[in-house]
Amino acid sequence: MKKILVVGGGAAGIAAALSAAEAGGRVTILEGQSRPAKKLLVTGNGRCNLGNTRIAPEYYHTARPDRLEALLEQMPATLTTDFFAHWGLMTMADEAGRLYPYCRQASMVVDVLLLALQRCGVVMETGCAVTEALWERGAFTVKSSQGGSWRGDALILTTGGKAAPKQSLSGAGYALAKGFGHSCTPLYPCLTALRCTHPALRGLKGIRVLCTAALCSNGREIAREAGELQLTEYGVSGIPAMQLSCRLGAQKDTEISVDFFPDCSAGDMRTLLNRRAAEYPGGALEDVFLGLLHKRIMYALMKEAGLSPLSRTARTLRLEELARLAALLKDWRLPVGGPMGWEQAQVTGGGVALQEIGDDFQSRCCPGLYLAGEVLDTVGECGGYNLHWAWCSGILAGRGAAGEAEI
Ligand SMILES: Cc1cc2nc3c(=O)[nH]c(=O)nc-3n(C[C@H](O)[C@H](O)[C@H](O)COP(=O)(O)OP(=O)(O)OC[C@H]3O[C@@H](n4cnc5c(N)ncnc54)[C@H](O)[C@@H]3O)c2cc1C
């Protein structure tokens, strides 16, 4: 029986350990935190959106889409559902294909996985931050900052990324991978709120609005997301903003364009405002446009269009002023300062280059070394795509490592 060392006891590490142990390996997980899978507990707002029934490359971002596509081909949604069915966790999908534990408790996912590790005889070493990993004298040697040392025939790096440092020891895995000759694409916080510099935001904080939000760079639209946008004093949050953060990368001169009425054309918007103004010529603007949109947003847009909601009446409006307001309702621009930092980010964009990984997730730089999960240059959108990637890459790496170890 060959020894397999797994560095990182998160989603990918546990999946890798279980599949390696089932394939006959003697597995030890080395986890830097005081307990494993800490991050899993906070996923999906405590409900753990653990996968999605619709897996496709368009839900992921990487510098090498061709490699990602090849890797994802081996990872159908059923790889995740079969994995959990095998270990006894009942799952269910919602109308959008998002997979959850049937009991909707992230803690249950952790309980099931920890029991499975115990049943498979996987050794879990916690409080063990790995600082050194190398290949010497025919085996991998791994050392921790606490003075521990382990040797193994195969090594699986599942150290995650830099996001959410409260939930995991963050960022150390990249240096370990680089020590084996790997390169990393630039890292950036993903699935996070966006900082925006618009002066009206301070007065709009706390408002949630259904809309579409587009990310534009140098005036060109890069991506558009629909959903509930949350306005905060520092910028925008909510699912649309988080999804767009994955597309930010190194884009320059970026803005968010908010369309408050995506089902209404620009022309129809102008007609609607003109009709309202014509119907109540003596009315103050605050009354004329009441009922269209959250009052505070409407006030902010009127102010931006140079209109005073209280002192102006509809009859004083010029056509170009109405057109300016209609344009703002369809395309309100917020200059983007960048993503919020690592603390707020759910995942890491960038990572160990995918072209340096084989289809079995074995390193092309060092045979016997495997990498899986967020440490790799792949980031998924909201909807369970990141955990799907973590489990499945872990499962394949674990199988590969155990096969490799059977020499
Ligand atoms: C708030 C939040 C909510 C989320 N919700 C969802 C969701 O609902 N659905 C979804 O798909 N994704 C979600 N994600 C993303 C998802 O949790 C991650 O993509 C996934 O956990 C990555 O798995 P991983 O095993 O690669 O890394 P991690 O889960 O980060 O695990 C890595 C582990 O390695 C350990 N480690 C790191 N370096 C060392 C070292 N040197 N020595 C020893 N141990 C080390 C860390 O302590 C950690 O336990 C969420 C993330 C956050 C922060």
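In this predicted model, the side chain of Arg-104 is placed over the face of Tyr-100, at a distance of 4.5 Å from the ring centre. That contact between a charge and a ring is one way in which an aromatic side chain takes part in the structure, and the pairing of rings with one another is taken up next.

The count of aromatic pairs in the model comes to ten. Phe-83 and Phe-84 form an edge-to-face pair, because their planes stand at 75°, with the ring centres 5.0 Å apart, and planes over 60 degrees apart count as edge-to-face. Both of these residues, Phe-83 and Phe-84, are buried. Trp-135 and Phe-140 also make an edge-to-face pair, with 4.9 Å from centre to centre and 65° between the planes. The two partners of this pair can be described separately in terms of burial: Trp-135 is partly exposed, with a relative accessible area of 44%, whereas Phe-140 counts as buried because its relative accessibility is 0%, and buried means under 20%.

Ring pairs also extend to a group of residues, since Tyr-59, Tyr-60, Phe-361, Tyr-385 and Trp-389 are linked by them into a cluster.

Turning from rings to a helix, the reader may look at helix 2, which spans residues 65-72 and whose buried residues are Arg-67, Leu-68, Leu-71 and Leu-72. When helix 2 is viewed down its axis, these buried residues fall within an arc of 130°, and they therefore line one face of the helix.

Conventions:
Residues numbered from 1 in each chain as written. Predicted model: local features only at pLDDT ≥ 70, side-chain atom pairs only at ≥ 80, totals over all residues. Heavy atoms only, no water. Phe/Tyr/Trp six-rings, centres within 6.5 Å; stacked < 30°, edge-to-face > 60°. Buried < 20%, exposed > 50% of the residue type's maximum accessible area, 1.4 Å probe, protein only. Lys NZ or Arg CZ within 6 Å of the ring centre and 35° of its normal. Helix = DSSP H or I, 4+ residues; strand = E, 2+ residues; numbered from the N terminus. Arc of directions from axis to C-beta.
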